[in-house]
Structure formats: structure tokens, C-alpha cells
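Student: I am new to this structure and would like a close look at one part of it. Could you take me slowly through one helix and the charged side chains linked to it?

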Amino acid sequence: AQLALTDPRIHRLLLIALPVLRFDASRLTALRSPGLVLVAGHDEFGRLEDVRSHLPDLEGSMAVEAIPQADHYFHGYTREVEARLKAFATREIGATP
């Protein structure tokens with residue numbers, strides 16, 4: 001994620017299970033690339049409310065979504081993660097034939 005702050009080749013960003021309770025993520029408030037932050041509802045390293053409280057300005061440029069019943073590793077929710085990522089890619093990049 002920090003590379004997106006300095007590398008102009010990065011146009012969109014996906015952040016999955018962002019561990020805001022374990023690492024200082026304050027630099028990420030400067031992110032302006034459109035993107036998706038996908039968090040788990042039962043993530044001991046950072047749930048939706050933790051991401052929103054630690055990075056309140058992030059939602060200005062990025063969508064922040066949660067899979068409420070999932071843990072940090074999204075055990076049992078692989079298809080849901082895939083669906084969310086595909087929906088994001090389709091919205092941001094467009095459908096491919």
C-alpha cells in the first residue's frame with residue numbers, strides 16, 4: 001500500500017484485511033488512488049470500524065467494504081472475496097469479453 005503513495009504507475013489499489021490495529025497505517029491517509037479496502041467483520045487486526053477510525057479520510061477515494069462473518073483470513077469466504085474483487089474490477093476497469 002505504501003508503494004502506491006510514490007509510484008505513479010499504480011492507478012488503483014486493493015487492500016485486503018488491512019491490519020490497522022497491529023501496524024501504523026497513518027501514512028495511508030495520503031492515498032488518492034481509487035481502490036477497495038475489504039475487511040473482515042471478525043478480524044482481530046482491524047475491523048470496519050477500526051479502519052474507519054484509524055483512517056477516516058480513506059473513504060474519500062476508496063470504497064471500504066466488510067464481509068461481516070469472516071475472520072482475518074476469510075476462511076470459508078473465498079467466493080465472497082472473489083465476487084467483491086470482481087465487482088470492483090468490473091466497476092473500475094470495465095468488463096472484459
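Tutor: What follows is a walk along one helix and then through its salt bridges. The model is a predicted one, in which local features need pLDDT of at least 70 and side-chain atom pairs count only at pLDDT 80 or more, while totals for chains, interfaces and linings use all residues. Residues are numbered from 1 along each chain as its sequence is written, and side-chain values use heavy atoms, with hydrogens and water left out.

The part to look at is helix 2, which covers residues 78-92; helices (H or I, at least four residues) and strands (E, at least two) are DSSP runs, numbered from the N terminus. The expected span of a helix is 1.5 Å times one less than its number of residues, so the 15 residues of helix 2 should span 21 Å, and this agrees with its end C-alpha atoms, which are 21 Å apart. After helix 2 comes G94, whose phi is positive, near 105 degrees.

Now to the charged side chains. Side chains of opposite charge can pair when their charged atoms come close. A salt bridge here is a side-chain nitrogen of Lys or Arg within 4 Å of a carboxyl oxygen of Asp or Glu, and a search of the whole structure finds seven of them.

One of these joins R12 to E92, with 3.5 Å between the closest N and O atoms. This pair links distant parts of the chain, since R12 belongs to the segment before strand 1 (13-16) and E92 to helix 2, 80 residues apart. Both ends count as partly exposed, a label for relative accessible areas between buried (under 20%) and exposed (over 50%), found with a 1.4 Å probe and protein chains only: R12 has a relative accessible area of 38%, and E92 has 29%.

A second salt bridge involving helix 2 is formed by E65 and R91, whose closest N and O atoms are 4.0 Å apart. Because E65 lies in strand 3 (residues 62-71) and R91 in helix 2, the pair ties together parts that are 26 residues apart in sequence. E65 is partly exposed as well, at 21% relative accessibility. This pairing does not stand alone, for E65, E80, R84 and R91 are linked in a network of salt bridges.
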